[in-house]
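Q: Please take a close look at the interior of this model and walk me through how it is packed. I would like the cut-offs along the way.

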Amino acid sequence: SLFWGFMLRKPWVEVERLTFAPSVPPVNAILWATPTEEKGKARLFDLKSKVGKLFWGGFVIGLLLTIPDIRTYVVPGIPPSAEWGYNLIDLTIINRILPGAYGSYIFSIPEAIIWYIIPMDIALTAVIAQAIVFFVYEPVGVALGWMPYVPASATSHTPYGMQYGPFQFIYFVRWGIVPGIAVWTIWTHRKHFINIFRVAFGASKGLPLEEDGVPYRLIGLGAITLSLLFIAFLTVNGIPLGVAIIFFLLWLMGMISQSKIVGECGDYEIVNSAWTPPLLWDAGAAIGAWPATAPHLSEGTFKTFWMNSAMGGGGPRFVGNLPYVINIWKVAYETKTRAKDMFIATFITFVVAAIVAGPVSIWWMHYLGGFAKLGPITYYTGARGAATTFTTTVPGDLLWTDAVKRWVFVVAGIALTFGIQIARARFPWFYLNVVGLVPAWRSDGFLLHRTVALVAKFLTLRVGGARLYSETALPLAIGAIAGYGVMYFITQLGWF
């Protein structure tokens, strides 16, 4: 993640200037907390300054916005899960009026604030695309007989997003748009990547040798070395070599794609374990690693899908992966921190974290009583379940689609991604952004707070333009995020 991620720093941070919404609050807080030469006092802590007033006013608002969460979670006791801020709004009556339409929504206050910060082309694309699926495609498809009416469609995306109908939009995003974004990124910035590897292998005549103090030779050789170790780790653990190579390539494509999604809309939408297994199954069958028909119980299949879930799923062990790390380069760039210094600090953090997460955590678990006292590790049981779906049962992904349809989605998704991005480059009026399709067509009911955020930002820009947004609305929003986060931090300490 550190080495491959650095290759994306210049294309995304300096050239495309992606927003990286999760970095916006810390970047601005750092800049506001830095004393200026003119006044000699940091605006963040100067209540006479406009920024100070707005930030701390927003901070109080953020604290007050946690009241619904306190009512939901804290009054009965400490929150039982990390789903802090997810307020369910039942609009399933829509499904009775328009059979097939989705009606179970979640209004997330902190995510609404983040969606206020992200670019409007992403928000507009996401809102329009999700509304089309919910209120046009699903009810029209049921009315015309393209798919059966399923009562569960009122509260679940699975029936029409995965099981029934001509357009399984969840699968299209997973197997089409996600690899499409990765392929587009690699293609558009191919010269930059090639030059890094040329420098790494000594063919550096006429090429820059470093980037903000970080040698390209280190980056290129580090990426190759660690990638080979990645593949070797998989093969040593019983995964066939051909499958291990495909495993790594799919993992890398997922990391690139989902890092771009983080850079554009600030949310890590689809973990690798959600989109790679069927494609990995097809690829393994194509090279003869296992039969084309599931289930198939063997050491190779079991370990392949166990490792795919364990290394490609969400959870605390995943925070070192590229989509989480990519924000550091944006923070460093905007705060004028040398990339070299950030690289060294991050590398040290990774090493220390590996020691803590490895031998120290094992010792700590035994010291506290192990599984017998603390219960199972949830992602351990989850990874085991993901492995058994291919080795002892047939997963829904293989039941509801066949190999041909899956790879048609791959090709169509890549083609659509290129088409939209080329249209954006050639036609100034073309406002849609392919990245917005990912939060729109994955499995969630976040339409309401995204719509509220989009309308709020539109009105802000309409009334006062960019000046009102940057000088008034942004400090207020960042303060609200900070205030909301304080209460979240306290409850998570109690939960821990």
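A: Happy to! pLDDT is the predictor's confidence in each residue, on a scale from 0 to 100. The chain has a mean pLDDT of 87, and 89% of its residues reach 70 or more. Over residues 78-82 the pLDDT is below 50, and this stretch has 16 contacts in the model beyond near neighbours in sequence; a contact means heavy atoms within 4.5 Å. Since this is a predicted model, local features need pLDDT of at least 70 and side-chain atom pairs count only at pLDDT 80 or more, whereas totals for chains, interfaces and linings use all residues. Residues are numbered from 1 along each chain as its sequence is written, and side-chain values use heavy atoms, with hydrogens and water left out.

Let us start with the core. A nonpolar core is a set of buried Ala, Val, Leu, Ile, Met, Phe, Trp, Tyr and Cys residues joined through side-chain atoms within 4.5 Å. Buried means under 20% relative accessible area, exposed means over 50%, and partly exposed lies in between (1.4 Å probe, protein chains only). The largest such core has 112 residues, and those with the most contacts inside it are Ile118, Ile177, Ile219, Ile326, Trp329 and Trp441. Helix H13 (residues 241-265) gives the most to this core, with 13 residues. Helices (H or I, at least four residues) and strands (E, at least two) are DSSP runs, numbered from the N terminus. As background, nonpolar side chains tend to be buried together in soluble globular proteins.

Two of those core residues lead us to the next stop. Leaving aside neighbours within four places in sequence, Ile326 is in contact with Gly5, Leu8, Trp12, Phe20, Ser259 and Val262. Trp329 is one of the buried residues of helix H17, together with Asn327, Ile328, Lys330, Val331 and Ala332. Because 6 of the 8 residues of H17 (residues 327-334) are buried, this helix is largely enclosed by the rest of the structure. The cover over its buried residues includes helix H1 (2-7), helix H2 (9-15), helix H3 (24-32), H13, helix H16 (322-325) and helix H18 (339-367). After H17 comes Lys336, with a positive phi near 60°.

Now for the rings. Rings of Phe, Tyr and Trp (its six-membered ring) pair if their centres lie within 6.5 Å; planes under 30 degrees apart count as stacked, over 60 as edge-to-face and the rest as tilted. By this rule there are 33 aromatic pairs. Trp281 and Phe305 make a tilted one, at 5.9 Å centre to centre with 40° between the planes. This pair links distant parts of the chain, with Trp281 in helix H14 (residues 272-286) and Phe305 in helix H15 (residues 299-312), 24 residues apart. Both Trp281 and Phe305 are buried. Core residue Trp441 turns up again here: with Tyr137, Phe167, Phe169, Phe172 and Phe409, Trp441 forms one aromatic cluster.

H14 also holds Leu279, which counts as buried because its relative accessibility is 2%. Beyond four places in sequence, Leu279 touches Trp175, Leu250, Arg406, Trp407 and Val410. The C-alpha atoms of Leu279 and Ala403 are 8.2 Å apart, with their positions 124 residues apart along the chain.

Finally, the charges. A salt bridge is a side-chain nitrogen of Lys or Arg within 4 Å of a carboxyl oxygen of Asp or Glu, and the structure holds 11 of them. Lys260 forms one with Glu16, the closest N and O atoms being 2.5 Å apart. This bridge links distant parts of the chain, from Lys260 in H13 to Glu16 in the loop between H2 and H3, 244 residues apart. Lys260 counts as buried at 4% relative accessibility, while Glu16, at 31%, is partly exposed.

Arg9 forms a salt bridge with Asp212, with 3.6 Å between the closest N and O atoms. Arg9 lies in H2 and Asp212 in the loop between strand E3 (210-211) and strand E4 (214-215), 203 residues apart. Here too the partners contrast: Arg9 is buried at 3% relative accessibility, and Asp212 is partly exposed at 35%.
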